[in-house]
Amino acid sequence: MESWMSLISDVGFPIVVTLYLLHRIEGKLDTLNETILQLPDHLTSQRLNKKVM
């Protein structure tokens, strides 16, 4: 039983920290993905604006 408690205390903390950091970065990754998906449209509109001028 004591070895299980030691294992949980040694491994549990890094797991909790990893899950917390993954949760925090998820929103930023979603925003980055949306921005990358909008990039071709943005570049196309920039090219059209330069041709008109």
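**Group meeting: a one-helix protein**

Okay, let's start with the surface. The accessible surface of this protein comes to about 5,400 Å², and carbon and sulfur atoms account for 67% of that. Keep in mind that what you see on the screen is a predicted model.

So what does the secondary structure come to? One helix and zero strands. The radius of gyration is 23 Å, while the globule rule gives 10 Å for 53 residues, so the protein is more spread out than a compact globule. You can get the same picture from the C-alpha trace, which spans about 75 × 10 × 10 Å along its principal axes.

Now, how many of the residues count as buried? Of the 53 residues, 0% do. Buried here means under 20% relative accessible area.

Let's walk along the helix, α1, which covers residues 2-52. Take Gly-12, which is found in helix α1. Gly-12 has a relative accessible area of 22%, and that makes it partly exposed. Next, find Leu-19, which also lies in α1. Is Leu-19 buried or exposed? Leu-19 counts as exposed, because its relative accessibility is 55% and the cut-off for exposed is over 50%.

Further along we have His-42, found in helix α1, and Asn-49, which lies in helix α1 too. His-42 counts as partly exposed at 45% relative accessibility. For Asn-49 the value is 45%, and it counts as partly exposed.

Okay, distances. Here are some C-alpha pairs you can check on your own screen. Gly-12 and His-42 are 30 residues apart along the chain, and their C-alpha atoms are separated by 45 Å. Go from Gly-12 to Ser-45 instead, and you have 33 residues in sequence and 50 Å in space, C-alpha to C-alpha. And how far is Asn-49 from Glu-2? Those two are 47 residues apart along the chain, with 70 Å between their C-alpha atoms.

Back to the surface for a moment, and to Leu-19. Leu-19 is one of the residues that make a nonpolar surface patch of about 990 Å². Trp-4, Leu-7, Val-11 and Ile-15 are in that patch, and so are Leu-22, Ile-25, Leu-29, Leu-32 and Ile-36. Try coloring those in your viewer.

Last thing, the charges. The protein has 5 positive and 6 negative charges. Where do they sit on average? The mean positions of the two sets are 24 Å apart.

So, to wrap up: one helix, zero strands, and 0% of the residues counted as buried. That's me done, thanks!

Technical notes:
Residues numbered from 1 in each chain as written. Predicted model: local features only at pLDDT ≥ 70, side-chain atom pairs only at ≥ 80, totals over all residues. Heavy atoms only, no water. Helix = DSSP H or I, 4+ residues; strand = E, 2+ residues; numbered from the N terminus. Rg over C-alpha atoms; globule rule 2.2 N^0.38 Å. Buried < 20%, exposed > 50% of the residue type's maximum accessible area, 1.4 Å probe, protein only. Areas by Shrake-Rupley, 256 points an atom, 1.4 Å probe, with all protein chains shown as cover. Lys, Arg positive; Asp, Glu negative; His and termini not counted. Charge placed at Lys NZ, Arg CZ, Asp CG, Glu CD. Patch = residues over 30% accessible without salt bridge, like charges linked within 9 Å, V, L, I, M, F, W, Y side chains within 5 Å. Salt bridge = Lys/Arg side-chain N within 4 Å of Asp/Glu carboxyl O.
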